[in-house]
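Work through the three exercises below with the structure in view. Try each task before you read its solution.

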Amino acid sequence: MRAGKYVKQVEGYRAFIPAPLPPLPPIAMDAELTRLLSEADHALGRLDGVTSILPNSDLFVSMYVRHEAVLSSQIEGTQSTLEDVLQFEMDAKGQEHPKDVEQVFNYVRSMNHGLKRLNSLPLSLRLIREIHEKLLQGVRGANRTPGEFRRSQNWIGPANCTLATATFVPPPVHDIQEALANLEKFLQDEKTYPTLIQCGLAHAQFETIHPFLDGNGRVGRLLITFLLCQRGILKFPLLYLSHYLKFHRAEYYDRLMAIRNDGNWESWLKFFLKGVGEVSRSATETARKILELRQKHQALIRDKASNQTNAGLLLDYLFEQPMVNVRLVEDHVKCAFVTADKLLKQFEELGIVKEVTGGRRNRRYEYSPYLALFEPAEIN
Ligand SMILES: Nc1ncnc2c1ncn2[C@@H]1O[C@H](COP(=O)(O)OP(=O)(O)O)[C@@H](O)[C@H]1O
Ligand SMILES: [Mg+2]
């Protein structure tokens with residue numbers, strides 16, 4: 001078979017041994033696939049271009065990353081929302097947090113770590129293990145083994161299914177190493193396929209190998225962003241592809257299965273490229289709205305704020321950290337507590353932020369119109 005073969009193991013179950021990448025026969029670039037590739041490329045190029053028209057792009061990139069982290073984690077059932085993550089970052093101690101918010105926070109750290117490491121390290125198995133380690137750090141649960149490839153057989157399927165009834169059984173332990181070595185080589189091959197096709201192939205292959213006991217979905221999705229950024233297709237991690245994958249989850253899994261069962265790489269790639277195109281267009285639109293919002297609130301501040309410098313600093317800060325308390329503003333604006341308090345109250349009066357907790361002690365403010373720009377993507 002083109003994508004690999006099922007091999008019966010001595011224990012009685014059948015495991016899948018993937019064929020090395022690139023696929024043979026090669027990907028058939030029919031008219032539809034060619035068109036989807038070109039559209040995805042174009043949309044991604046426009047998204048990347050947004051970073052040059054938006055001032056201080058690094059301020060809002062962190063929201064894109066958090067957004068992707070939330071959605072990618074939600075694909076396999078994590079319940080935390082964007083607001084949970086922002087609140088967690090704001091006061092990591094004391095409060096009651098939904099227990100999986102830490103996982104989402106780890107996802108953000110993994111993404112940032114990986115992007116930084118790519119300056120000095122190729123996209124390699126070593127980097128993949130580092131990412132995995134960050135992703136599962138401190139997260140409770142047996143059998144997690146952060147940063148280590150698995151040393152036992154795993155399987156994919158409905159809760160409580162067994163090896164015998166699994167939907168899919170990835171390669172046995174003794175076959176993982178070779179499959180991973182080939183994937184690593186493929187990740188570093190810059191010639192055979194356009195980067196987007198390579199992203200699609202590598203992600204699917206990674207999910208098929210399923211080299212970790214947990215976190216395979218998330219690490220595999222991070223790989224896509226890493227490849228795009230490393231190849232210079234994106235300067236910043238702005239693509240929240242998990243939005244699409246979450247919305248089309250059943251199809252996502254079916255297309256992966258069809259690669260294994262029918263060698264159908266092309267249908268998977270079409271599905272993948274369609275997603276890249278859609279999400280890129282949506283992310284570009286979000287950026288345009290961010291720009292509008294920023295201009296609107298800058299004008300409001302120019303008209304009404306009593307201290308222009310402090311107000312400007314706070315507004316910029318809100319694009320990075322749209323949930324704040326007085327103490328955070330005090331730190332960031334470098335002013336007295338009372339000044340920060342007044343500033344926030346003024347922002348509230350101007351309708352820029354909203355207070356979301358009662359009580360005098362730890363008042364929390366949200367930059368709601370900004371958060372709302374990431375809401376339509378919260379598919380539940
Ligand atoms: N047939 C399939 N059914 C479900 N998930 C699949 C299937 N094939 C591959 N996967 C991948 O496995 C991932 C789940 O694996 P898991 O190790 O639990 O990752 P995570 O903990 O990051 O969600 C999915 O997100 C998907 O990418
Ligand atoms: Mg999991």
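**Exercise 1.** Find which helix gives the largest share of the shell around ligand 1.

*Solution.* The model is predicted.
- Start with the whole shell: 15 residues surround ligand 1.
- Pick out the closest: Glu76, Asn216, Gly217, Arg218 and Tyr253.
- Now look at the helices. H8 (216–230) and H10 (249–262) each supply at least two residues of the shell.
- The largest share comes from H8, with four residues.
- Finish by sorting the shell by class: six residues are nonpolar, five polar and four charged.

**Exercise 2.** Describe the two domains and the side of domain 1 that touches domain 2.

*Solution.*
- Set the bounds: domain 1 covers 4–285, and domain 2 covers 305–372.
- Locate the centres, taken over C-alpha atoms: 36 Å separate them.
- Count the contact: domain 1 gives seven residues and domain 2 gives eight.
- Trace the domain 1 side to its elements. Helix H2 (57–75) and helix H3 (82–90) give two or more residues to this side.
- Sort that side by class: four residues are nonpolar, three are polar and none is charged.

**Exercise 3.** Work out why strands E3 and E4 each have one side without a neighbour in the sheet.

*Solution.*
- Write down the strand order: E3-E5-E4, in an open sheet with antiparallel pairing.
- Look at the edges. E3 (323–325) and E4 (354–355) each have a single partner strand, so one side of each is left without a neighbour in the sheet.
- Check one pairing: two bridges join E4 to E5 (residues 364–366).
- Name a bridge: Glu355 has Tyr365 in E5 as its partner.

Note on methods
Residues are numbered from 1 along each chain as its sequence is written. Chains are lettered from A and ligands numbered from 1 in the order in which they are written. This is a predicted model: local features need pLDDT of at least 70, side-chain atom pairs count only at pLDDT 80 or more; totals for chains, interfaces and linings use all residues. Two strands pair if DSSP finds at least two bridges between them. A residue is near a molecule or strand if its C-beta atom, placed from the backbone, lies within 6 Å of it. Ala, Val, Leu, Ile, Met, Phe, Trp, Tyr, Cys and Pro count as nonpolar, Asp, Glu, Lys and Arg as charged, and the others, Gly among them, as polar. Domain bounds come from an automatic or database domain assignment. Two residues are in contact if their C-beta atoms, placed from the backbone, lie within 7 Å.
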